[in-house]
Amino acid sequence: MANLRIKPNSVQETLVIPLYGRKLCAERFPTLYQDGSAAKACAQIDYDFSDLDRQAASPLWQFGALEAAMRQLDMQWEVRDYLASHPYAAVVNMGCGLDQTGRACDNGRCKLYNVDMPDVINMREQLFPTDWRETDIKSNLNDHAWMEQVDGLDGAVFFAAGVFHYLTTWQARTLACELARRFPGGRLVFDTIGRLGKLLMRRTFKSFGMENYRECLCVQDPRELKGWVSNVTVSSKGYMLGYHAMDDPAVTALHRFLARRCDGMLGMRVNRIDFPGTPDSRSSAAPREREA
Ligand SMILES: C[S@@+](CC[C@H](N)C(=O)[O-])C[C@H]1O[C@@H](n2cnc3c(N)ncnc32)[C@H](O)[C@@H]1O
């Protein structure tokens, strides 16, 4: 299984925590969250999960699992909302890791894209082969040539879960500007942390070899995002409780307390930027329904 090996202490390794969190959340909080693909990927990749398995029963780790799942549910909400008015749009999972949010939102008409570093996409291709309506793109997000592969003529919604923390503020802003320029009427959704959240994450950044973490994006006040690109509409909601009420019998009072602190003190938010303009719609070229 050498080519399904996760390299320790790399940015690639960061995909393991949310993946494992989603698997754990689906096991512990099944009425809140379901994700068969996370269990499948965890079973197949070459990674030592023993540390994570040991901690899985602790309330704090279970809260961590809830964090991973709530973020994905938030992203799904935004993608489905966009697809309701742009059913043939491109749905682009930026820094996708081994996450299958695109497929969870598939309406049978949209086009799915997954973008990540080549080693991650190589692994993904073995675990989740794509069909004709889904495209994997091997690229650094900061090399904007990857955008040429995205067909956004019927609209485009881009989302990044747990990814913008690893970009510098300049890289994140440049990425948003370039998306807005190329995809009028598109939508960008990404999560951020505030200053305190970033301070608490500094050990995590260092353990993944990121010595430049001081330059990495943190957003204390989401209104600052309005200055990133001209004429955009920005909205921002709490990451844990902004979209969903965390309804599951296994969610405890401690979990709810921590959720409020994450959304408040740590400034964990899901931000949405709607680009001005309208996509250059062309219904005649709309893709067919996915064949059974
Ligand atoms: C914390 S993981 C999140 C993975 C996935 N979004 C999820 O929710 O499970 C961060 C992912 O972003 C990818 N990533 C980070 N910086 C990137 C960049 N500059 N270009 C492409 N991918 C990047 C990493 O390879 C990794 O797969």
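**Exercise 1.** Find what arginine 187 is in contact with, leaving aside its neighbours within four places in sequence.

*Solution.* Start with the contact list from this predicted model. Arginine 187 touches Glu78, Asp81 and Tyr82, then Ala156, Val157 and Phe158, and finally Arg272, Ile273, Asp274 and Phe275. Next, place the residue: arginine 187 sits in strand E5, which covers residues 187-192. Now pick out a side-chain partner: aspartate 81 makes a polar contact of 2.9 Å with the side chain of arginine 187.

**Exercise 2.** Decide whether arginine 187 is buried or exposed.

*Solution.* Look up its relative accessible area, which is 6%. Buried means under 20%, so with 6% arginine 187 is buried.

**Exercise 3.** Work out which residues are linked with Arg187 in a network of salt bridges.

*Solution.* Take one pair to begin with: aspartate 274 and arginine 272 meet through their side chains, 2.8 Å from N to O. Check burial for each: aspartate 274 is buried at 16%, and arginine 272 counts as buried at 17%. Then widen the view: the network links Arg187 with Glu78, Asp81, Arg272 and Asp274.

**Exercise 4.** Two more salt bridges to locate: lysine 111 with aspartate 154, and glutamate 178 with arginine 182. Where in the chain does each pair lie?

*Solution.* Lysine 111 and aspartate 154 have their closest N and O atoms 3.1 Å apart. This pair links distant parts of the chain, with lysine 111 in strand E2 and aspartate 154 in the loop between strands E3 and E4, 43 residues apart. Glutamate 178 and arginine 182, by contrast, both lie in helix H7, four residues apart, or about one turn.

Definitions and conventions:
Residues are numbered from 1 along each chain as its sequence is written. This is a predicted model: local features need pLDDT of at least 70, side-chain atom pairs count only at pLDDT 80 or more; totals for chains, interfaces and linings use all residues. Side-chain values use heavy atoms; hydrogens and water are left out. Helices (H or I, at least four residues) and strands (E, at least two) are DSSP runs, numbered from the N terminus. Buried means under 20% relative accessible area, exposed over 50%, partly exposed in between (1.4 Å probe, protein chains only). A polar contact is a pair of N or O atoms within 3.5 Å; within protein, one must be able to donate a hydrogen and the other to accept it, and residues adjacent in sequence count only if both atoms are side-chain atoms. Contact means heavy atoms within 4.5 Å. A salt bridge is a side-chain nitrogen of Lys or Arg within 4 Å of a carboxyl oxygen of Asp or Glu.
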